[in-house]
Amino acid sequence: MNSMNLGATIIKSRRSVRSYTDKPISDEIIKETLECGRLAPTAMNLQPWLIGVVTDRDLLKQIADLTDHGKFIADSAACFVTCGDKGAKYYLEDCCAATMNMITCLQAYGVGSCWVAGDKKEYGPKICELLEIPPPYVLTSLIAAGYPKEIQVPKKKPGKEIFFTNRWKPEEE
């Protein structure tokens with residue numbers, strides 16, 4: 001393969017970033033990120049979500065304090081929030097697609113991010129209440145975002161351990 005694929009390059013360069021500089025994210029990038037979330041695929045095109053962003057320092061700290069593994073949200077420039085209509089059968093899959101679209105958009109602009117779980121978390125209802133999200137919407141994801149202070153590269157499983165064609169058969173050494 002000799003051609004460069006920009007989308008694949010962006011996806012392959014993405015890492016979870018939990019340490020950010022003080023540089024704010026421009027309104028243009030925030031708007032584009034929300035737009036990319038809005039344009040994600042959904043089952044039956046229901047679009048069963050509310051998608052927002054929090055940039056207020058006090059709210060970021062309150063969200064961080066409510067989470068169990070998202071304390072770094074307090075130091076992020078923004079936190080994107082995706083909430084799904086629990087009455088929609090595939091709200092979780094749809095909201096996950098929106099979340100990945102937004103993470104990919106941020107990466108394309110050089111903005112680091114980290115997906116923080118929302119669905120099935122005890123703090124979900126508290127964050128919805130804090131942000132005045134009405135029922136039947138529930139928190140599905142938080143995306144802490146900012147310009148990376150440092151990037152850690154985690155070890156990933158090699159393809160031979162997880163890829164298959166047609167049926168699963170482990171590759172032999």
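This report covers the nonpolar cores, one buried residue and the largest pocket of a predicted model.

## The nonpolar cores

Start with the largest nonpolar core. It has 21 residues. Those with the most contacts inside it are Ile63, Ile73, Val81, Ile127, Leu139 and Leu142. Two or more residues come from each of these elements: α3 (57–66), β2, β3 (112–117), α5 (124–130) and β4 (137–146).

Another core lies apart from the largest one. This other core has 13 residues, including Ile29, Ala78, Phe80 and Ala145. In soluble globular proteins, nonpolar side chains tend to be buried together.

## A look at Ile127

What does Ile127 touch, leaving out residues up to four places away in sequence? Its partners are Ile63, Leu66, Thr67, Leu139 and Leu142. Of these, Ile63, Leu139 and Leu142 are listed with Ile127 among the residues with the most contacts inside the largest core.

## Thr82 in strand β2

Thr82 sits in strand β2, which covers residues 78–85. Is Thr82 buried or exposed? Its relative accessible area is 0%, so Thr82 counts as buried, the cut-off being under 20%.

Neighbours within four places in sequence are set aside here. Thr82 then contacts Leu50, Ile51, Cys95, Thr99 and Met102. It also contacts Val138, Leu139, Thr140 and Ser141.

## The largest pocket

The largest pocket has a volume of about 190 Å³. Which residues line the largest pocket? One stretch of the lining is Arg14, Arg15, Ser16, Val17, Arg18 and Ser19. The others are Glu150, Ile151, Gln152, Pro154 and Lys156.

By class, the lining has five charged, three polar and three nonpolar residues.

How values were computed: Residues are numbered from 1 along each chain as its sequence is written. This is a predicted model: local features need pLDDT of at least 70, side-chain atom pairs count only at pLDDT 80 or more; totals for chains, interfaces and linings use all residues. Side-chain values use heavy atoms; hydrogens and water are left out. On a 1 Å grid over the protein atoms alone, a cavity is a set of points where a 1.4 Å probe fits but cannot get out, and a pocket is an open set with protein on both sides within 12 Å along at least five of seven lines; lining residues have an atom within 4 Å of a point. Grid points are joined across faces, edges and corners, and a volume is the space filled by probe spheres set on the points. Ala, Val, Leu, Ile, Met, Phe, Trp, Tyr, Cys and Pro count as nonpolar, Asp, Glu, Lys and Arg as charged, and the others, Gly among them, as polar. Helices (H or I, at least four residues) and strands (E, at least two) are DSSP runs, numbered from the N terminus. Buried means under 20% relative accessible area, exposed over 50%, partly exposed in between (1.4 Å probe, protein chains only). Contact means heavy atoms within 4.5 Å. A nonpolar core is a set of buried Ala, Val, Leu, Ile, Met, Phe, Trp, Tyr and Cys residues joined through side-chain atoms within 4.5 Å.
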